[in-house]
Amino acid sequence: MPFDESDEETTVDPETDRSGLPGPQSGDKRPLVRDSSRSNQGKRRVRCSSLLMRHSSTWLAVHHTIRYSNRFFPYFQGCVGAIDGTHVSACVGGARADKFRGRKGDTTWNVMAACDFDLKFTYMLSGWEGSAHDARVLEHAISEPQNGFPFPPPGKYYLVDSGYANRGCFLAPYRGTNYHLRDRRRLGGDRKKEQFNYRHASLRNAIERTFGIWKRRFPILRSMHQFPLDKQAMIPVACAVLHNFIWMDPASVAQDHVSGDEDDDDASSEDDSVDGDPDGVDVGESSSHLNIPQDMDMGAFRDYVTNCIHEGSSG
């Protein structure tokens with residue numbers, strides 16, 4: 001569960017963030033950093049900090065990464081971004097340390113984030129110990145209104161990896177089927193599902209690239225200093241805000257696109273961002289039926305997109 005510790009009573013203006021700056025209004029793209037740890041009585045319990053970028057207007061258009069790619073369009077035209085979890089260094093000692101140990105044995109925070117295809121963070125939730133499962137962190141993000149998770153409009157969705165459930169507004173790959181390019185070179189398996197999984201992995205790679213640039217830019221994320229734990233939980237969010245502001249500079253974008261690394265916390269993302277899918281075809285204009293119909297669950301929608309990809313590459 002998120003880090004839990006009793007603290008002094010606080011009085012907070014709900015229209016301001018932790019820095020005292022006014023929160024963004026509807027349609028504003030300024031970052032909102034909020035402390036989602038307050039109960040209704042103002043008592044801070046769960047030390048989670050979250051970042052939300054207001055971007056509702058950008059959800060209405062298909063991003064150029066998708067629109068001008070015959071691998072992704074129109075199949076993923078309803079996608080607004082990608083979600084994943086990553087591990088950030090935590091400086092914790094004593095009896096608390098075990099809860100913070102991730103799968104590699106280091107003490108870490110499990111940070112969940114969403115990004116768009118410009119490699120900017122659109123949401124981040126920080127405050128869970130490294131031993132927490134990614135799916136549990138996402139469940140907390142979407143189930144607690146104070147976390148401010150940005151649910152996309154009807155017909156839109158996020159890409160997630162196989163560690164998350166394929167439901168709601170989250171489109172996951174098929175489990176038990178080759179997912180990455182190096183797997184695709186192997187023979188066998190379900191050809192249609194492999195085609196879907198490969199394109200899904202290539203597009204979802206945006207979150208791995210974003211994490212890689214973010215961690216390289218801010219070394220504290222790999223070697224946390226000995227701050228109080230609630231302050232440590234806020235550092236990833238602060239770095240995400242700075243990342244987004246730096247990313248507004250075209251020179252930074254060009255440099256990071258050349259030298260950008262993927263997040264080495266998820267080595268499985270190797271080869272996801274390659275170009276030249278041999279099954280790619282020119283699909284022409286937008287097809288509105290490849291947004292999620294309101295009466296279709298995500299499992300049926302994934303199967304439908306899979307069939308469209310297969311038919312397009314076979315035609």
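# Exercises on a predicted model

In this predicted model, strand β3 is mostly covered, with 11 of its 11 residues buried.

## Exercise 1: the neighbours of β3

Work out which strands β3 pairs with, and in which sense.

Solution.
- Step 1. Take β4 as one partner. Strand β3 (residues 79–89) is joined to β4 by 8 bridges, and the two run antiparallel.
- Step 2. Check the register. His 87 has Asn 110 in β4 as its bridge partner, and Ala 82 has Cys 115 in β4.
- Step 3. Take β6 as another partner. Here 3 bridges join β3 to β6, and the strands run parallel.
- Step 4. Check the register again. The bridge partner of Cys 79 is Tyr 157 in β6.

The result is an antiparallel pairing with β4 and a parallel pairing with β6.

## Exercise 2: the two faces of β4

Determine which residues of β4 point one way, which point the other way, and whether they are buried or exposed.

Solution.
- Step 1. Start with the strand as a whole. β4 (residues 108–115) is mostly covered, since 8 of its 8 residues are buried.
- Step 2. Sort the side chains. One group consists of Thr 108, Asn 110, Met 112 and Ala 114; Trp 109, Val 111, Ala 113 and Cys 115 point the other way from β4, and all are buried.
- Step 3. Add the pairing with β5. β4 and β5 form 6 bridges in the antiparallel sense, and Trp 109 stands opposite Glu 129 in β5.
- Step 4. Inspect the turn. The hairpin of β4 and β5 has 5 residues between the strands, and Leu 119 there takes a positive phi near 65°.

## Exercise 3: the cover of α2

List the buried residues of α2 and name elements that cover them.

Solution.
- Step 1. Recall the helix rule. Residues three or four places apart point the same way, because an α-helix has 3.6 residues a turn.
- Step 2. List the residues. Asp 134, Val 137, Leu 138, His 140, Ala 141 and Ile 142 are buried in α2.
- Step 3. Name the cover. The buried residues of α2 are covered by elements including β3, β4, β5 and β7.

## Exercise 4: aromatic pairs

Find which parts of the chain the pairs Tyr 123 with Phe 149 and Tyr 174 with Phe 196 tie together.

Solution.
- Step 1. Set the scope. A search of the whole structure gives 13 aromatic pairs.
- Step 2. Describe one pair. Tyr 123 and Phe 149 are edge-to-face, at 5.3 Å centre to centre with 75° between the planes.
- Step 3. Place the two residues. Tyr 123 is in strand β5 (residues 121–129) and Phe 149 in the loop between α2 (134–143) and β6 (157–159), so the pair ties together parts 26 residues apart in sequence.
- Step 4. Test burial against the cut-off of under 20%. Tyr 123 is buried because its relative accessible area is 0%, and Phe 149 counts as buried at 8%.
- Step 5. Describe the other pair. Tyr 174 and Phe 196 are also edge-to-face, at 5.5 Å centre to centre and 75° between the planes.
- Step 6. Place these residues. Tyr 174 lies in the loop between β7 (170–171) and α3 (181–184) and Phe 196 in helix α4 (residues 191–217), so this pair ties together parts 22 residues apart in sequence. Both Tyr 174 and Phe 196 are buried.
- Step 7. Extend the picture. Ring pairs link Tyr 123 and Phe 149 with Phe 151, Tyr 158 and Phe 170 into a cluster. The charged end of Arg 302 sits over the ring of Tyr 174, 4.2 Å from its centre.

## Exercise 5: the span of α4

Compare the expected span of α4 with the distance between its end C-alpha atoms.

Solution.
- Step 1. Compute the expectation. At 1.5 Å a residue, the 27 residues of α4 should span 39 Å, because the expected span counts one less than the number of residues.
- Step 2. Compare. The end C-alpha atoms of α4 are 39 Å apart, which agrees.
- Step 3. Look for a bend. α4 has a kink of about 30°, centred on Arg 204.
- Step 4. Assess the surroundings. In α4, 21 of the 27 residues are buried, so the helix is largely enclosed by the rest of the structure.

Definitions and conventions
Residues are numbered from 1 along each chain as its sequence is written. This is a predicted model: local features need pLDDT of at least 70, side-chain atom pairs count only at pLDDT 80 or more; totals for chains, interfaces and linings use all residues. Side-chain values use heavy atoms; hydrogens and water are left out. Rings of Phe, Tyr and Trp (its six-membered ring) pair if their centres lie within 6.5 Å; planes under 30 degrees apart count as stacked, over 60 as edge-to-face and the rest as tilted. Helices (H or I, at least four residues) and strands (E, at least two) are DSSP runs, numbered from the N terminus. Buried means under 20% relative accessible area, exposed over 50%, partly exposed in between (1.4 Å probe, protein chains only). A charge sits over a ring if NZ of Lys or CZ of Arg is within 6 Å of the ring centre and within 35 degrees of the ring normal. The bend at a residue is the angle between axes fitted to the seven residues ending there and the seven starting there. Two strands pair if DSSP finds at least two bridges between them. Contact means heavy atoms within 4.5 Å.
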